[in-house]
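Here's a quick briefing to read with the structure open beside you. It goes topic by topic, starting with a simple where-is-it question.

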Amino acid sequence: MYALDQYLACDAKVKATSLFSLLSEDGILQEGFDLDQESLLRMYRGMRRLRILDERMLILQRQGRIGFYGEARGQEAAVIGTASALCEKDWIVPALREAGVGLYCGMPLSIYINQIFGNAADVSKGRQMPCHPCDKDHNYVVMSSCVANQLPHAVGIAWAMKHNKDTDRLCVSYMGDGGTSEGSFHIGLNFAQTMSVPVLFICQNNGWAISTPTNKQTISETYAIKGLAYDMESLRVDGNDLLAVSTLTKYAAEKIRKDQKPIFIEAVTYRVSAHSSSDDPSRYRDESVTKEWIEKRDPIDRIRKLLFEKKWMTEDEDQKITHHFESEINQEIKKAEAIELPDKKTLTQDVFEEEQ
Ligand SMILES: Cc1ncc(C[n+]2csc(CCOP(=O)(O)OP(=O)(O)O)c2C)c(N)n1
Ligand SMILES: [Mg+2]
């Protein structure tokens with residue numbers, strides 16, 4: 001494919017400082033790109049489901065029915081695009097905003113919603129704050145609340161795979177831009193490259209780490225360039241361009257499986273939401289910039305337009321997709337809300353050898 005080959009042929013520093021894209025924010029698709037209707041529609045549905053889920057859960061938080069919520073709004077292309085490159089056996093080690101990767105890869109919605117309610121059906125027995133799901137069946141590890149802590153964990157998982165000669169899978173490890181300032185980031189990247197393990201690092205650069213903007217986070221030209229210090233292949237993509245994210249991640253995943261070496265991808269996006277339901281970004285940033293990202297660069301609108309243009313989806317079908325997910329999500333919420341809280345006895349389970 002021409003655009004990808006051209007990007008990959010660039011010098012390492014150019015790759016880490018430019019922006020790979022396939023579908024521009026004006027809706028112009030790179031000539032010669034081979035689009036597949038079925039996979040595009042599947043990813044579009046994945047993004048819509050995630051957006052509807054976020055909208056619904058935020059409302060529940062505002063109604064006082066759940067305690068806390070963190071959205072991935074505006075970042076759906078980075079989430080679903082990277083998820084689309086994974087295989088069933090891969091391990092997923094998320095940061096704050098990648099539960100959608102788990103959901104796209106098969107984590108049941110009930111696991112996600114029961115965890116948010118912290119009810120008796122919650123896998124983690126109501127012990128975690130909301131937005132910390134996990135699903136053993138789909139190798140989806142619970143997110144670590146301590147920023148970037150998960151990076152050495154992911155490297156350990158990948159190292160174990162290599163040690164066990166389990167070479168047809170990889171471990172994908174996410175971080176935010178803020179995560180790159182932590183010691184664990186450097187430990188993770190150094191170890192991964194030195195021990196040559198099959199890990200794919202994805203940095204969702206959404207411009208903010210709560211109230212810290214990029215220009216206060218780093219003096220480096222980009223986040224991807226940091227990977228070059230570890231002699232790691234480091235790529236940079238328009239994180240709101242679903243096709244570019246998916247294409248570049250597929251390339252990276254295949255290469256990691258073949259070479260058993262890590263790759264770093266920075267996906268450039270924007271946190272159009274607040275940091276979480278406990279945050280008010282209008283107190284520390286210019287929200288006219290946020291408005292511009294919402295109006296001009298929404299990742300879902302970009303794909304919707306393309307689908308309409310190609311006549312691969314009608315407005316009516318789009319509405320049906322929305323209704324389908326609204327009803328799926330509402331049903332799961334109804335079920336989760338009806339489940340009682342965990343029994344007090346569970347407090348000491350998994351803690352002492354003998355149950356108290
Ligand atoms: C070690 C540590 N320091 C500080 C915090 C508080 N904290 C939670 S999220 C966050 C910002 C994370 O920003 P980023 O990595 O860019 O991810 P984003 O929220 O933008 O997705 C901070 C500082 C924490 N959880 N852990
Ligand atoms: Mg961030």
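In which helix does Thr214 lie? Thr214 lies in helix 9, which covers residues 214–217. Keep in mind that this is a predicted model. Thr214 also gives us a way into the metal site, since its C-alpha is 7.6 Å from that of Asp177, with their positions 37 residues apart in sequence. With a relative accessibility of 27%, Thr214 counts as partly exposed.

**Magnesium site**

- Asp177 (OD), Asn206 (OD1) and Trp208 (O) coordinate the magnesium ion (ligand 2) at 2.1 Å.
- Along the chain, the donors of this magnesium ion (ligand 2) are spaced as D-x28-N-x1-W.
- Asp177 and Asn206 link distant parts of the chain, 29 residues apart: Asp177 is in the loop between strand 2 (171–176) and helix 8, and Asn206 is in the loop between strand 3 and strand 4.
- Asp177 and Asn206 are both buried.

**Aromatic pairs**

- The count of aromatic pairs comes to five.
- One of them is Phe185 with Phe264, an edge-to-face pair at 6.1 Å centre to centre, with 80° between the planes.
- Phe185 sits in helix 8 and Phe264 in strand 7 (residues 263–268), so this pair ties together parts that are 79 residues apart in sequence.
- Phe185 and Phe264 are both buried.
- Trp208 and Tyr284 make a tilted pair, 5.7 Å centre to centre and 50° between the planes.
- Trp208 belongs to strand 4 (residues 208–209) and Tyr284 to the loop between strand 7 and helix 12 (287–297), so here the parts tied together are 76 residues apart in sequence.
- Trp208 counts as buried because its relative accessibility is 13%, under the 20% cut-off.
- Tyr284, in contrast, is partly exposed, with a relative accessible area of 24%.

**Charges over rings**

- Arg42 has its charged end over the ring of Tyr104, 4.4 Å from the ring centre.
- Lys310 has its charged end over the ring of Trp312, at 5.8 Å from the centre.

**Salt bridges**

- The whole structure holds 25 salt bridges.
- Arg51 is a good one to look up: its side chain meets that of Glu76 in a salt bridge at 2.5 Å, N to O.
- Glu76 is in helix 4 (residues 76–83) and Arg51 in helix 3 (residues 37–62), so the bridge ties together parts that are 25 residues apart in sequence.
- Glu76 is buried, with a relative accessible area of 0%, and Arg51 is buried too, at 11%.
- Arg51 also forms a salt bridge with Asp298, at 2.8 Å, N to O.
- That pair links distant parts of the chain, 247 residues apart, with Asp298 in the loop between helix 12 and helix 13 (299–309) and Arg51 in helix 3.
- Asp298 is buried, with a relative accessible area of 10%.
- Arg169 and Asp166 meet in another salt bridge, at 2.8 Å, N to O.
- Arg169 counts as buried at 16% relative accessibility, and Asp166 counts as buried at 19%.
- A network of salt bridges links Glu25, Glu292, Lys296 and Arg297.

**Nonpolar surface patch**

- Trp159, Phe191 and Met195 form a nonpolar patch on the surface, and together they have about 260 Å² of accessible area.
- Met195 is in the loop between helix 8 (183–194) and strand 3 (199–205).
- Met195 is partly exposed, with a relative accessible area of 31%.

Key
Residues are numbered from 1 along each chain as its sequence is written. Chains are lettered from A and ligands numbered from 1 in the order in which they are written. This is a predicted model: local features need pLDDT of at least 70, side-chain atom pairs count only at pLDDT 80 or more; totals for chains, interfaces and linings use all residues. Side-chain values use heavy atoms; hydrogens and water are left out. Patches are made of residues with over 30% relative accessible area and no salt bridge: like charges are joined within 9 Å, nonpolar side chains (Val, Leu, Ile, Met, Phe, Trp, Tyr) within 5 Å. Accessible areas come from the Shrake-Rupley method with a 1.4 Å probe; for residues, only the protein chains shown count as cover. A salt bridge is a side-chain nitrogen of Lys or Arg within 4 Å of a carboxyl oxygen of Asp or Glu. Helices (H or I, at least four residues) and strands (E, at least two) are DSSP runs, numbered from the N terminus. Buried means under 20% relative accessible area, exposed over 50%, partly exposed in between (1.4 Å probe, protein chains only). Rings of Phe, Tyr and Trp (its six-membered ring) pair if their centres lie within 6.5 Å; planes under 30 degrees apart count as stacked, over 60 as edge-to-face and the rest as tilted. A charge sits over a ring if NZ of Lys or CZ of Arg is within 6 Å of the ring centre and within 35 degrees of the ring normal. Donors are N, O and S atoms within 2.8 Å of the metal (3.2 Å for Na, K and Ca); water is not among the atoms, so sites may look incomplete.
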